[in-house]
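User: Pick one part of this model and take me through it closely, please. I'd like to know what packs against what, and how the surroundings tie in.

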Amino acid sequence: MEAIAPRRGTTVWVILITSLASFMAALDNLVVITALPAIRTDLGGHLEDLEWTVSAYTLTFAVLLMFGAALGDRFGRRRMFAAGIGLFTAASAAAALAPGIDGLIAARAAQGVGAALLVPLSLTLLTAAVPAGRRGAALGIWGASQGLAVATGPLVGGLLTEHLSWQWIFWLNVPLGAALIPLVLRRLAESRGANDRLDLPGTLLVSGGLFGVVYGLIRGNADGWTSYGVLAGLLAGAALLVGFVLWERVAAHPMLPMRLFRDRAFSAINAASLLMFVGMFGSIFLLSQFLQGAGGYSPAEAGVRMLPWTGMSLIVAPIAGALSDRVGGRPVVATGLLLQAVGLGWIATRLSADFVYGDYVPAFVLSGVGMAMYFAPAANVVMSAVHPREQGVASGANNAMREIGGALGVAVLAAVFTANGGDVLTGAFVEGLRPALWSGAAAVAVGAAVALLIPGRRPASAVVARSEGERKVDVAA
């Protein structure tokens with residue numbers, strides 16, 4: 001069954017509710033960054049524990065994104081969207097009440113489960129409610145909400161940590177989540193995807209594979225990249241993912257039809273998304289601590305000084321979304337990633353033990369403009385590349401690539417940082433941070449090159465017709 005005719009709400013309500021929910025989930029990717037030194041002081045831990053505080057959220061988020069999208073297709077997108085908000089809200093309260101670092105990491109993992117439900121379904125619900133010709137503008141608003149989360153995450157985390165306590169970065173979600181649930185149930189129309197059967201073998205294979213790979217990436221720095229546990233996770237995860245691909249090619253009701261990757265736009269934007277998040281997320285993870293460690297700023301002051309980078313999303317994301325309606329996603333995404341790569345390289349060249357904040361502002365602005373040009377156009381490319389009935393699984397797959405990229409970025413850039421003498425505990429930043437940022441810039445630059453493989457703009461009607469034709473061929477086979 002495809003979408004059920006709307007009984008409640010309007011497009012405005014859909015945009016508002018899905019944007020607020022996405023804001024809440026995106027905020028928790030970054031709000032914890034500027035609070036990490038305070039969390040370490042209060043609960044203890046080393047660099048690998050700080051990585052887990054960030055990556056426990058990323059791990060469960062990435063592993064379960066496609067399963068969350070599949071649950072929405074099977075049991076109703078509105079229903080599972082509300083369930084995801086409820087779980088995320090409860091887990092946020094648990095994080096605020098955590099008595100130790102292990103409890104905090106467990107609560108962050110539960111937050112990731114809730115986010116894995118609400119994020120892909122927010123994009124699906126929004127896309128279904130907006131005509132294709134105006135989708136870029138609507139996604140621009142949705143992207144601006146994520147940009148707002150990126151912009152305010154380090155600042156909110158810093159302000160709350162400095163003036164109240166780090167626990168308030170999680171309490172903040174509770175009233176927002178509690179207010180959203182009744183709005184979802186009253187204002188959004190229910191819809192389901194084309195596949196009303198859960199692909200349990202595919203779910204187990206992809207979830208296990210993603211868990212193994214992301215776990216190995218996260219533990220690589222702490223345990224050593226040649227340790228048994230890390231190698232077992234990476235190899236077993238890779239094997240399970242290969243098994244997932246083979247299964248999906250023959251499954252009667254696949255959770256992720258492999259024919260989607262025949263579409264050059266779908267394949268290219270997913271690869272570009274992975275690389276973008278490697279460079280962006282890993283760099284922000286290290287730079288926020290650099291501002292506090294080398295710059296000597298408080299958490300709130302560090303958050304304010306990240307605004308020239310993160311705040312650009314508020315201004316640029318809506319413009320980039322509307323622009324993608326006119327010229328297509330390829331030039332906007334590719335240009336944005338190139339600008340971000342140049343900005344990261346610029347920061348790396350300016351790094352010095354004699355910290356002068358003004359030296360970094362132009363590069364922060366350039367990186368922020370580039371990052372903001374990615375979000376909405378990338379989402380538009382993903383949703384335009386598939387049939388409307390497959391947008392849920394497409395959204396889940398793309399968000400999974402982003403989160404895997406974020407985990408990979410934190411793990412790899414932190415590994416480069418420490419391998420070159422960086423140490424957040426002693427304040428030794430510059431020698432380790434410079435090669436780490438160059439690594440992030442290289443990843444984003446490759447992402448820009450990959451984005452150029454996205455085909456030029458094509459009418460939405462052509463996308464639907466092509467998808468239907470492929471569907472008939474698959475059925476006949």
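Analyst: One bit of vocabulary before we dive in: an axis is a line fitted to C-alpha atoms, for helices over the stretch in contact, and angles run from 0 to 180 degrees between N-to-C directions. Helices (H or I, at least four residues) and strands (E, at least two) are DSSP runs, numbered from the N terminus. What you have here is a predicted model, where local features need pLDDT of at least 70 and side-chain atom pairs count only at pLDDT 80 or more, while totals for chains, interfaces and linings use all residues. Residue numbers start from 1 along each chain as its sequence is written, and side-chain values use heavy atoms, with hydrogens and water left out.

I'd go for helix H19 and its partners. H11 (residues 264-293) packs against H19 at an angle of about 160 degrees, and their axes are 8 Å apart. That makes H11 roughly antiparallel to H19, the label for angles over 145 degrees (under 35 is roughly parallel, 65 to 115 roughly perpendicular, the rest oblique). The two cross in a left-handed way, meaning that the near helix is turned anticlockwise from the far one by less than a right angle; clockwise would be right-handed.

On the H11 side, the residues in contact include Ala268, Ala271, Ala272, Leu275, Met276, Val278 and Gly279, and further along Ser283, Leu286, Leu287 and Phe290. H19 answers with, among them, Val430, Leu433, Ala436, Leu437, Gly440, Ala443 and Val444. This contact has 19 nonpolar residues, four polar ones and no charged ones. Contact here means heavy atoms within 4.5 Å. As for the classes, Ala, Val, Leu, Ile, Met, Phe, Trp, Tyr, Cys and Pro are nonpolar, Asp, Glu, Lys and Arg charged, and the others, Gly among them, polar.

Now the other partner. H15 (residues 329-350) and H19 (residues 430-451) have axes that come within 8 Å and cross at roughly 165 degrees. So H15 is roughly antiparallel to H19, and this crossing is left-handed as well. From H15, the residues involved include Arg330, Val333, Ala334, Leu337, Leu338, Gln340 and Ala341, then Leu344, Gly345 and Ile347; they meet H19 residues such as Arg434, Leu437, Trp438, Gly440, Ala441 and Val444. By class there are 15 nonpolar, five polar and two charged residues in the contact of H15 with H19. Leu437, Gly440 and Val444 of H19 turn up both in the contact with H15 and in the contact with H11.

H15 has another neighbour, too. The axes of H14 (residues 312-327) and H15 come within 7 Å, crossing at roughly 135 degrees, which makes H14 oblique to H15. Here Ala320, Leu323, Ser324 and Val327 of H14 meet Gly329, Pro331 and Val332 of H15. Five of the residues in that contact are nonpolar, two are polar and none is charged.

Valine 332 is a good place to zoom in. It sits in H15 and counts as buried because its relative accessibility is 2%, where buried means under 20% relative accessible area, exposed over 50% and partly exposed in between (1.4 Å probe, protein chains only). Leaving out residues up to four places away in sequence, valine 332 touches Ala320, Leu323, Ser324 and Val327, plus Met373 and Pro377. Glycine 370 is 38 residues from valine 332 in sequence, yet their C-alpha atoms are 9.2 Å apart.

Stepping back, the protein chain has 20 helices and zero strands. Of its 477 residues, 59% count as buried. Among contacts with a separation of 6 or more, 85% join residues 24 or more positions apart. Leucine 65 in H3 (residues 47-75) is a case of distant pairing: its C-alpha atom and that of methionine 401 are separated by 9.5 Å, though the two are 336 residues apart along the chain. Leucine 65 is buried, with a relative accessible area of 0%.
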